[in-house]
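Visitor: I am new to this structure and would like to take a close look at a single part of it. Please go slowly and connect each detail to the next.

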Amino acid sequence: AALPHGDKLIPNLMAQFTEREFGHPLSFPQCGAGVDEWVAALIQTGDYVPLAQIGTSHADWGMEVINNAPVVNDRKKQHIRYAEAGSFGHFLIDSFGPRKMLEFYQRASLSHRPWQEVFGYPLADLEQRWLASLKQKAAVNASTIALITNHWQQDPRTACSSLRNTKK
């Protein structure tokens with residue numbers, strides 16, 4: 001909401017960075033864990049969605065607009081999209097710096113997702129680097145990833161609240 005954009009992915013790449021720095025660790029989509037751990041769990045369960053397949057609209061993110069307000073109609077899809085966007089956004093900011101992310105946000109208003117122009121790599125290469133970094137982190141966070149995976153496999157629609165309740 002703070003960074004309006006016609007492509008829902010663009011502001012959500014930066015939103016989780018803000019949450020990490022200033023937010024509450026129990027808030028969605030972290031729910032008491034990190035977005036990197038969520039993505040690692042999504043990979044383990046086979047629910048990971050390649051970034052190129054994440055669309056721009058509310059519908060692509062498991063939501064619909066009713067009376068001018070977004071309403072969740074697919075909690076599983078919503079969580080996957082937000083966790084992946086947040087984790088990838090962290091990677092981009094940690095790898096290239098916040099100024100490059102701001103440049104990406106600004107240029108994305110003029111052209112569709114200018115990965116190559118801003119970061120110097122196509123999305124597929126950036127995604128491979130990000131996933132490799134997650135794989136390296138996974139061994140350190142194996143117990144949290146296992147806990148997320150367990151909650152996700154029980155019911156993706158309630159995994160966030162279930163995990164949050166175990167972290168209180």
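Visitor: Is R107 buried, partly exposed or exposed, and what is its relative accessible area?

Guide: Before turning to that residue, please keep in mind that this is a predicted model. R107 has a relative accessible area of 36%, which is between the 20% below which a residue counts as buried and the 50% above which it counts as exposed, so R107 is partly exposed. Its side chain meets that of E103 in a salt bridge, with N and O 3.2 Å apart. Both R107 and E103 belong to helix 4, which spans residues 98–108, and they are four residues apart, or about one turn of that helix. E103 has a relative accessibility of 23%, and therefore it too counts as partly exposed. In general, side chains of opposite charge can pair when their charged atoms come close.

The pair in helix 4 can be set beside the other salt bridges of the model, of which there are five by the rule used here. One of them is formed by K137 and D36, whose closest N and O atoms are 2.8 Å apart. This pair links distant parts of the chain, since K137 sits in helix 6 (residues 123–138) and D36 in helix 2 (residues 35–45), with their positions 101 residues apart in the numbering. K137 is partly exposed at 37% relative accessibility, whereas D36, with a relative accessible area of 16%, is buried. Another salt bridge brings together the side chains of R157 and D155, at 3.0 Å from N to O. In that pair R157 is exposed, at 58% relative accessibility, while D155 is buried, at 16%. Returning to R107, we find that salt bridges with shared partners join K100, E103 and R107 into one network.

Helix 6, which holds K137, also leads us to a contact between helices. Helix 3 (residues 75–96) packs with helix 6 at an angle of about 95°, and their axes are 10 Å apart. An angle of 65 to 115 degrees counts as roughly perpendicular, and therefore these two helices are described as roughly perpendicular to each other. On the side of helix 3 the contact is made by E84, S87, F88, F91, L92 and F96, and on the side of helix 6 by L123, L126, E127, R129, W130, S133 and L134. Sorted by class, the residues of this contact are eight nonpolar, two polar and three charged.

One of the helix 6 residues in that contact is L126, which is buried at 0% relative accessibility. Leaving aside residues up to four places away in sequence, L126 touches F88, F91, L92 and F96, and also W115, F119 and Y121. The distance from L126 to D155, the residue paired with R157 above, is 31 Å from C-alpha to C-alpha, although the two are 29 residues apart in sequence.

Finally, the model also has a pair of strands. Strand 1 (residues 63–66) and strand 2 (residues 69–72) run antiparallel and are joined by four bridges. Within this pairing, M63 has V72 of strand 2 as its bridge partner. The two strands form a hairpin with two residues between them, and in the turn N67 has a positive phi of about 50°.

Methods. Residues numbered from 1 in each chain as written. Predicted model: local features only at pLDDT ≥ 70, side-chain atom pairs only at ≥ 80, totals over all residues. Heavy atoms only, no water. Pairing = 2+ DSSP bridges. Salt bridge = Lys/Arg side-chain N within 4 Å of Asp/Glu carboxyl O. Buried < 20%, exposed > 50% of the residue type's maximum accessible area, 1.4 Å probe, protein only. Axes fitted to C-alpha atoms, helices over the stretch in contact; angles between N-to-C directions. Parallel < 35°, antiparallel > 145°, perpendicular 65-115°, else oblique. Contact = heavy atoms within 4.5 Å. Nonpolar A, V, L, I, M, F, W, Y, C, P; charged D, E, K, R; others polar.
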